[in-house]
Amino acid sequence: MSVALTSTTVLTRHLETPSRAVRKIEVSVDLTKTGKIALGYILHGALDRLLIPPLQTPCRRDGLWRHTCFESFIGVENSPAYFEFNFSPSAEWAAYAFRGYRDGGPIENDDLDPKIVVRREVETLDLSAVIRLDRLPAIQSDATLRLGLSAVIEESDGRLSYWALRHPPGKPDFHHSDAFALEIQRPVDGVNSIAYTGKS
């Protein structure tokens, strides 16, 4: 499947991490003409059975993945390097750069502020965020990108469930290259496309 500029997909839950509250998590991906990736996560379920961090003043904060958090991983085709973004419903965020599998650390750059917007209804939690590709080092304007989209959801009893486009064998691991299942092609002629590279 290949869709020009915009793609919407559904995350799948890791089979070893059950959830009694979440029905579905959808993610939309929009590659803008100005080189931004606009992400929209929509969680459908019994929100009153989830632990959702309350809104805070937006800022960088580590450890967001320990609680309810939406995530995006961005790699470049034929390179082991990648970036990780964490978006909390609190409007806090984090960004990390890796040279290879789990080999890296935080990016301390407030210019990466993803402008998180959160909307909450009775049975939906909607979070949008924007990633500025031009502020990420080592990503060329014509690079083919590979994205991993994921979420960690915490329920009221402290149970965590893990959701992703694709899960590699074994325990939940969003950093695994198999999880980078959405491809964004940015050819030099200016025609962009987003393609899902396989079944979850």
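**Surroundings of E155, the largest pocket and three basic residues**

E155 is placed in the loop that joins β12 (145–154) to β13 (160–164), where strands are DSSP runs of E of at least two residues, numbered from the N terminus. The model is predicted, so that local features need pLDDT of at least 70 and side-chain atom pairs count only at pLDDT 80 or more, whereas totals for chains, interfaces and linings use all residues. Residues are numbered from 1 along each chain as its sequence is written, and side-chain values use heavy atoms, with hydrogens and water left out.

E155 is buried (under 20% relative accessible area, 1.4 Å probe, protein chains only). E155 has no salt bridge, defined as a side-chain nitrogen of Lys or Arg within 4 Å of a carboxyl oxygen of Asp or Glu. The nearest side chain of opposite charge, that of R20, is 4.2 Å away; Lys and Arg count as positive, Asp and Glu as negative, and His and the chain ends are not counted. A polar atom of the E155 side chain does lie 3.1 Å from the backbone nitrogen of R20. With neighbours within four places in sequence left aside, E155 is in contact (heavy atoms within 4.5 Å) with P18, S19, R20, A21, R49, L50 and L51.

The largest pocket has a volume of about 300 Å³. Of its 15 lining residues, W65, E71, R102, F174 and H175 are the closest to the centre. A pocket is here an open set of points on a 1 Å grid over the protein atoms alone, where a 1.4 Å probe fits, with protein on both sides within 12 Å along at least five of seven lines; lining residues have an atom within 4 Å of a point. Grid points are joined across faces, edges and corners, and the volume is the space filled by probe spheres set on the points. At least two lining residues each come from β6 (69–76), β8 (93–100) and β13.

Most residues other than glycine have a negative phi. R102, in the loop between β8 and β9 (103–106), has a positive phi of about 55 degrees. R102 is partly exposed, at 45% relative accessibility (partly exposed lies between under 20% and over 50%). K115, in the loop between β9 and β10 (117–120), also has a positive phi of about 55 degrees; K115 is exposed (over 50%), with a relative accessible area of 56%.

R132 lies in strand β11 (residues 124–132) and is partly exposed at 23%. Its side chain makes a polar contact with that of D134 (2.8 Å).

How values were computed
Helix = DSSP H or I, 4+ residues; strand = E, 2+ residues; numbered from the N terminus. Polar contact = N/O pair within 3.5 Å; in protein donor to acceptor, adjacent residues only side chain to side chain.
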